[in-house]
Amino acid sequence: MLRALGSMYLLYLAYRIARAGRTEAGGTARPFTFIEAVAFQYVNPKAWVMAITAAGAFLPADQSVIVATAVLAGVFAIINLPCITTWAAAGTAVGRIMRDDRRRRPVNGALALLLVGTVYLINA
């Protein structure tokens, strides 16, 4: 059921990306504050899918749940910093490309297709 719901959500995101237009000129989005970003993780479906999948795949059955969860959380924390840094740098670079209307549509289409391909691979 989790795979089906996650796949439907990813397909919805792919559709939204493919249909995304340019943001309003002069409109600026306010980024989340730290507290808002932390609070968002409790309702972020991608975070829940990742956490449940990691727990099911990597938590050892012969160890204390608290110790195993702490180790998994520590591994996530260590891996997160370089990943999020790379993601932010790539987002900045793609943001420059996306300012041009002629480039934005093909990039959005390619990103949407990659997301659909991910759903295919998850369900293959």
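Trp48 is partly exposed, with a relative accessible area of 45%, and this residue lies in helix H3. The model described here is predicted. Trp48 also belongs to a nonpolar surface patch of about 1100 Å², and the notes below begin with that patch before turning to two pockets and to the salt bridges. The largest pocket has a volume of about 1500 Å³, and the count of salt bridges comes to 4.

**The nonpolar surface patch**

- The patch is made by Leu2, Phe32, Phe34, Ile35, Val38, Phe40, Tyr42, Val43, Trp48 and Ile52, and its area is about 1100 Å².
- Helix H2, which covers residues 34-40, and helix H3, which covers residues 45-58, each supply at least two residues of this patch.
- H2 gives the most to the nonpolar patch, with 4 residues.
- Trp48 can be part of the patch because patch residues need over 30% relative accessible area, and the relative accessible area of Trp48 is 45%.

**The largest pocket**

- The volume of the largest pocket is about 1500 Å³, and among the 35 residues that line this pocket, Gln41, Asn44, Lys46, Ala47 and Met50 are the closest to its centre.
- Five helices each supply at least two residues of the lining, namely H1 (2-19), H2, H3, H4 (65-98) and H5 (101-123).
- H4 provides the largest share of this lining, with 10 residues.
- By residue type, the lining of the largest pocket divides into 26 nonpolar, 7 polar and 2 charged residues.

**The second largest pocket**

- The second largest pocket has a volume of about 450 Å³, and the residues lining it are Ile17, Ala29, Trp87, Ala90, Gly91, Val94, Gly95, Met98 and Leu111.
- H4 gives the most to the lining of the second largest pocket as well, with 6 residues.
- The lining of the second largest pocket is made up of 7 nonpolar and 2 polar residues, with no charged residue among them.

**Salt bridges**

- Side chains of opposite charge can pair when their charged atoms come close.
- Arg30 forms a salt bridge with Glu36, in which the closest N and O atoms are 3.1 Å apart; Arg30 counts as exposed at 57% relative accessibility, whereas Glu36 is partly exposed, with a relative accessible area of 30%.
- Asp100 forms a salt bridge with Arg103, and here the closest N and O atoms are 3.9 Å apart, which means that the pair falls within the 4 Å cut-off for a salt bridge.
- Both partners of that pair are partly exposed, Asp100 with a relative accessible area of 21% and Arg103 with one of 48%.
- Arg104 forms a salt bridge with Asp101, with the closest N and O atoms 2.6 Å apart, and both residues lie in helix H5, 3 residues apart, about one turn of the helix.
- Arg104 counts as buried because its relative accessibility is 11% and buried means under 20%, whereas Asp101 is partly exposed, with a relative accessible area of 37%.
- Asp100, Arg102 and Arg103 are joined into one network by salt bridges that share partners.

Technical notes: Residues are numbered from 1 along each chain as its sequence is written. This is a predicted model: local features need pLDDT of at least 70, side-chain atom pairs count only at pLDDT 80 or more; totals for chains, interfaces and linings use all residues. Side-chain values use heavy atoms; hydrogens and water are left out. Patches are made of residues with over 30% relative accessible area and no salt bridge: like charges are joined within 9 Å, nonpolar side chains (Val, Leu, Ile, Met, Phe, Trp, Tyr) within 5 Å. Accessible areas come from the Shrake-Rupley method with a 1.4 Å probe; for residues, only the protein chains shown count as cover. A salt bridge is a side-chain nitrogen of Lys or Arg within 4 Å of a carboxyl oxygen of Asp or Glu. Buried means under 20% relative accessible area, exposed over 50%, partly exposed in between (1.4 Å probe, protein chains only). On a 1 Å grid over the protein atoms alone, a cavity is a set of points where a 1.4 Å probe fits but cannot get out, and a pocket is an open set with protein on both sides within 12 Å along at least five of seven lines; lining residues have an atom within 4 Å of a point. Grid points are joined across faces, edges and corners, and a volume is the space filled by probe spheres set on the points. Ala, Val, Leu, Ile, Met, Phe, Trp, Tyr, Cys and Pro count as nonpolar, Asp, Glu, Lys and Arg as charged, and the others, Gly among them, as polar.
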